Structure formats: structure tokens, C-alpha cells
Amino acid sequence: MKSSERNFARRIDLTSLQLFVAVCELGSIGKAAEREFIAASAVSKRLSDLEATLDTSLLYRHTRGVDLTPAGESLLHHARSVLFSLEKMQGELSEYADGVRGHVRVHASISAIVQFLPEDLGAFIRRHAEVKIDLEEHLSTEVIRAVQEGAADLGICNVGVLTKSGAGDLQTLPYRQDRLVLIVPKGHALASQGAINFEAALDYDQVGLHATSSIYLAMRQAAAAVGRTIKLRIHVTGLDAMCRMIHNGLGVGVMPQRAFELMHGVGELESVVLTDDWAVRQIELVARDFSTLPVTARLLVDHLTARAVATGQPAPT
């Protein structure tokens, strides 16, 4: 942090920011003072001091209350973000007092969450009950971005098809492999074939995952490689929704084989093996720098890689 930035941070008073947000939400200094149990004159003084510190007007004052200036609108956005972060920090730190000894933020793709993480994270928590794991499901592109921006300590997703999206500055470790298969309704023309190339599926309507998901990006690249386009009928956000759409005749779709096997009873469906190279994928652990992760996050990385070895999946060297 530069010297000028440190001085700015020291001049900003958090109580004044809180009062500023209250005034903006209520549209009145008097109402804000009443809600915050402080004299209106004290609120007004703090706002004036805040404007002097920032060297700009934040509020238009009139007899009916106050309105935000353009600078005030910008400050309101940032002030809410700062106060929210403080509340989150307080909540996380209070957990340490209740016995929690670590906090790991994990963002993962739906493929990793459906196929592998329930068992792997369950085993970790049974061994480390004092560690709290915040797990969020995101598209692989968003997982990469979260790790890059520091919103997640650890990402778990398929990085291969996303190398052009700026993941090159991150570190990766192998976690698991999965195989993509084509899901078709029972009795479909393709169901009798033991294995096909994805190009054979392009004659049929497709039920696809989100347009920026790693699976759909791979499908689109494969279609483009043979000079064809995907006949997309609908995008869905979940694998169970994909199965229900396919069962009801809206098309065929691509998903991980293990995920399909885990979803028992979601329609009368069959899977057909895809022989394309891209159908075998490596799901990887992603971090900005594994060596600088907090101790609890490194514990989780070690646990996940050990689980991969135990299941016969590739292990990092």
C-alpha cells in the first residue's frame, strides 16, 4: 500500500461511514440520528468532516431531507462493501471463539461437487471438525476468476478448456478424472451404439449447460472443428434439469458419466460413451500459490490429493 493510500485509510472514520449509509437509506439526517441513537447535530458534524476529508460534496441538503451527489453515490457503494466485509470478518472471528480453528473458502464446478466433493469433504470434516469450509458452486470460468481475485482460497474445476481465459497465472494440482458421456432417452437411435464420436450427436437437438460452462465450451469447440454448429434447444443450470429435459424429448445432452450414475431415477435414460479426446477431463485444484495458503487450506489440499490417490486417480508429483 502506498503512503498516500495509508494516510487516506487512516483519515476515514468507520463510524462516519456507518452514519453516512444510514442517512442515505433514510433520506434524512434526523431520522438517521434517531435510528442510530445519536444527536442530529453530531451526525451532521461527522458528515461535514467526511466531506472535508474527501474534499468533495456527498449530499444535497434541502428542507425535505438529503439527496446524494454523484460522489455520494460512489461512496455509498464502497461504504456498504466495507461495512459488509467488516460484518463478515466479525462473524468469522467469532467462530474462532466458539471453537472453529480454521476457515477455508472453496469455489468448485458442478461436476466436482456432484461427483467427488460430498464424500471427500465429509471425510475431511470428520477428521478436522474444528475447520469450517465455505463451499460455493460456480461455473469453471467463475471459479478461476474467484481464485485470481482472492475471493476463494481454493478452486476445483476443469481448467483445460479455459486456458485462454487467463488461468495461466495460477498454480494447479491434479485432483480427479471424469469422462463425459452422451445422455439420450431410452430407445433413442444412438442408444444402441456402444460408443460414438460427438460429431454423430450434432444431428440432434441438444440440451446444454450454461453457455460458459466448461462442458458446453468443449462441445462448441468440437462442433466448430468439424465445421458444424450445435442445434441447441435449451440451456439449463443443473444436471438434474438436463436429465428431465432429455427424458421429455427435448434433445440429447453431455454430462459426466459418474454424475449420471449418481442420479438414479431421473427419467428413463441411457448413456453413450464419447470417444473424443476432450471427453476425458482432468479436474484440478487451483490456487494462486499453494505454498502460501493458510495452514487449514493446505491441510485440505493434502487431504484431497490423498483421496485421489486412494481412489486410483492421478496424483501430483
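Which residue just after H9 takes a positive phi? In this predicted model, Gly227 takes that positive phi, of about 70°. The legends below present this site and other close-up views.

**Figure 1. Helix H9 and the glycine that follows this helix.** Helix H9 spans residues 214-225 and has twelve residues. From the first C-alpha to the last, helix H9 reaches 16 Å, close to the 16 Å expected at 1.5 Å a residue. The buried residues of H9 are Ser214, Ile215, Tyr216, Leu217, Ala218, Met219, Ala222 and Ala223. Just after the helix, Gly227 has a positive phi of about 70°.

**Figure 2. The largest nonpolar core, with 35 residues.** Leu182, Phe198, Val254, Met255 and Leu274 touch the most other members of this core. At least two residues of the core come from each of E6, H9, helix H10 (239-247), strand E10 (253-256), helix H11 (257-262) and strand E11 (269-274). Apart from this core lies another, of 23 residues, which includes Ala108, Ile156, Leu300 and Leu304. As a general tendency, nonpolar side chains in soluble globular proteins are buried together.

**Figure 3. Surroundings of Phe198.** With neighbours within four places in sequence left aside, Phe198 is in contact with Gln206, Met219, Ala222, Val254, Leu274, Asp276 and Trp278. Among these partners, Met219 and Ala222 are buried residues of H9. Val254 and Leu274, like Phe198 itself, are among the core residues that touch the most other members.

**Figure 4. A salt bridge between helix H7 and strand E6.** The side chains of Asp120 and Arg176 meet in a salt bridge, with an N to O distance of 2.9 Å. Asp120 belongs to helix H7 (residues 117-127) and Arg176 to strand E6 (residues 171-185), so the pair ties together parts that are 56 residues apart in sequence. Asp120 is buried, because its relative accessibility is 2%. Arg176 is likewise buried, with a relative accessible area of 6%. The structure holds twelve salt bridges.

**Figure 5. A salt bridge between Asp13 and Arg46.** The closest N and O atoms of this pair are 2.8 Å apart. Asp13 sits in the loop between helix H1 (3-11) and helix H2 (14-26), whereas Arg46 is part of helix H4, and the two residues, 33 apart, link distant parts of the chain. Asp13 counts as partly exposed at 33% relative accessibility, and Arg46 counts as partly exposed at 29%.

**Figure 6. A network of salt bridges around Glu36 and Arg35.** Glu36 forms a salt bridge with Arg35, in which the closest N and O atoms are 3.3 Å apart. Glu36 has a relative accessibility of 26% and therefore counts as partly exposed. Arg35, at 39%, is also partly exposed. Through shared partners, salt bridges join Glu25, Arg35, Glu36 and Arg80 into one network.

**Figure 7. Two non-glycine residues with positive phi, Phe37 and Asp55.** Most residues other than glycine have a negative phi. Phe37 has a phi near 55° and lies in the loop between H3 and H4. The relative accessible area of Phe37 is 79%, so this residue is exposed. Asp55 has a phi near 60° and is placed in the loop between H4 and E1. At 69% relative accessibility, Asp55 counts as exposed.

**Figure 8. The hairpin formed by strands E1 and E2.** Strand E1 (residues 59-62) and strand E2 (residues 65-68) run antiparallel and are joined by four bridges. Two residues lie between the strands of this hairpin. Arg61 stands opposite Val66 in E2.

**Figure 9. Ala39 and its separation from Ser291.** Ala39 is located in the loop between helix H3 (29-36) and helix H4 (40-54). With a relative accessible area of 44%, Ala39 is partly exposed. Ala39 and Ser291 are 252 residues apart along the chain, and their C-alpha atoms are separated by 51 Å.

**Figure 10. Two buried cysteines, Cys157 and Cys243.** Cys157 counts as buried because its relative accessibility is 0%. Cys243 is buried as well, with a relative accessible area of 1%. A search of the whole structure finds zero disulfides.

Definitions and conventions: Residues numbered from 1 in each chain as written. Predicted model: local features only at pLDDT ≥ 70, side-chain atom pairs only at ≥ 80, totals over all residues. Heavy atoms only, no water. Disulfide = S-S within 2.5 Å. Buried < 20%, exposed > 50% of the residue type's maximum accessible area, 1.4 Å probe, protein only. Salt bridge = Lys/Arg side-chain N within 4 Å of Asp/Glu carboxyl O. Expected span 1.5 Å × (residues − 1). Core = buried A, V, L, I, M, F, W, Y, C linked by side-chain atoms within 4.5 Å. Contact = heavy atoms within 4.5 Å. Pairing = 2+ DSSP bridges.
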